[in-house]
Structure formats: structure tokens, C-alpha cells
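Thanks for coming. I will take one chain today and go from the overall fold down to a few single residues.

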Amino acid sequence: MAVASFLLGLPGLLVLNLVLGPVAIVLALVAISRGTQRRGRALLGFALGVADLLVVLVLTIAHHGVIWQFS
């Protein structure tokens with residue numbers, strides 16, 4: 001789960017931030033709570049998940065609202 005958290009958090013910086021960020025955070029927290037041997041990878045996945053959500057927040061603030069348009 002630690003590796004999955006890292007691998008989902010990394011592309012989440014570019015695409016699907018709102019989906020991959022929280023999934024990476026949850027997987028990292030579950031891996032840490034289960035006592036994974038890859039604690040560093042889990043912490044990195046957690047940090048990337050948080051960064052995913054921060055990217056969405058910063059872009060939303062910078063564009064004065066939602067940046068997705070369907071028209």
C-alpha cells in the first residue's frame with residue numbers, strides 16, 4: 001500500500017488531483033497504521049497526496065473559482 005500511495009500521488013500532481021490525492025493519503029495512512037516496512041515511501045505518498053490537494057486549491061484560487069469548463 002505504501003508503494004501504491006506513492007505511485008498514485010505522483011501522477012496526481014498533473015492529472016485527476018481531486019481523485020488521486022485523497023486516495024494516496026488514505027493508502028499512506030493505512031500502510032503506516034499497519035506498520036509497513038516501507039515507511040518512507042508511505043510518508044512520501046502522503047506528502048504527494050497533500051501536494052495534489054494543494055495544487056488544486058492554489059489553481060482554484062488563482063483562477064477565481066473552478067477551472068474546469070465543459071463548453
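A helix here is a DSSP run of H or I with at least four residues, a strand is a run of E with at least two, and both are numbered from the N terminus. With that in hand, the pattern along the sequence reads α-α-α. Put as a count, the chain has three helices and zero strands. Please keep in mind that this is a predicted model.

Now the overall dimensions. Along the principal axes, the C-alpha atoms fill a box of roughly 45 × 20 × 15 Å. The chain has 71 residues, and 25% of them count as buried. About 4800 Å² is exposed, with carbon and sulfur atoms supplying 71% of that area. As for contacts between residues at least 6 apart in sequence, 63% join residues at least 24 apart.

Next, the first helix pair. Two packed helices are described by the angle between their axes and the distance between the axes. Helix 1 covers residues 2–9 and helix 2 covers residues 17–33; their axes come within 8 Å and cross at roughly 160 degrees. Angles over 145 degrees count as roughly antiparallel, so helix 1 is roughly antiparallel to helix 2. The crossing of the two is left-handed.

Which residues in helix 1 and helix 2 meet? From helix 1 there are Ala2, Ala4, Ser5, Leu8 and Gly9, and from helix 2 there are Leu20, Val23, Ala24, Leu27, Ala28 and Ala31. By class, this contact has nine nonpolar residues, two polar ones and no charged ones.

Between helix 1 and helix 2 there is a loop, and leucine 16 lies in it. Most residues other than glycine have a negative phi. Leucine 16 has a positive one, near 50 degrees. Is leucine 16 buried or exposed? Its relative accessible area is 56%, and the cut-off for exposed is over 50%, so leucine 16 is exposed.

Last, arginine 41, which sits in helix 3, residues 39–62. Where does the chain bring arginine 41 relative to alanine 2? The two are 39 residues apart in sequence, yet their C-alpha atoms are 5.7 Å apart in space. Setting aside neighbours within four places in sequence, arginine 41 is in contact with Ala2, Val3 and Phe6. Ala2 also belongs to the set in helix 1 that meets helix 2. The relative accessible area of arginine 41 is 38%. Partly exposed covers the range between 20% and 50%, which means that arginine 41 is partly exposed.

Definitions and conventions:
Residues are numbered from 1 along each chain as its sequence is written. This is a predicted model: local features need pLDDT of at least 70, side-chain atom pairs count only at pLDDT 80 or more; totals for chains, interfaces and linings use all residues. Side-chain values use heavy atoms; hydrogens and water are left out. Buried means under 20% relative accessible area, exposed over 50%, partly exposed in between (1.4 Å probe, protein chains only). Contact means heavy atoms within 4.5 Å. Accessible areas come from the Shrake-Rupley method with a 1.4 Å probe; for residues, only the protein chains shown count as cover. Axes are lines fitted to C-alpha atoms, for helices over the stretch in contact, and angles run from 0 to 180 degrees between N-to-C directions. Angles under 35 degrees count as roughly parallel, over 145 as roughly antiparallel, 65 to 115 as roughly perpendicular and the rest as oblique. A crossing is left-handed if the near helix is turned anticlockwise from the far one by less than a right angle, and right-handed if clockwise. Ala, Val, Leu, Ile, Met, Phe, Trp, Tyr, Cys and Pro count as nonpolar, Asp, Glu, Lys and Arg as charged, and the others, Gly among them, as polar.
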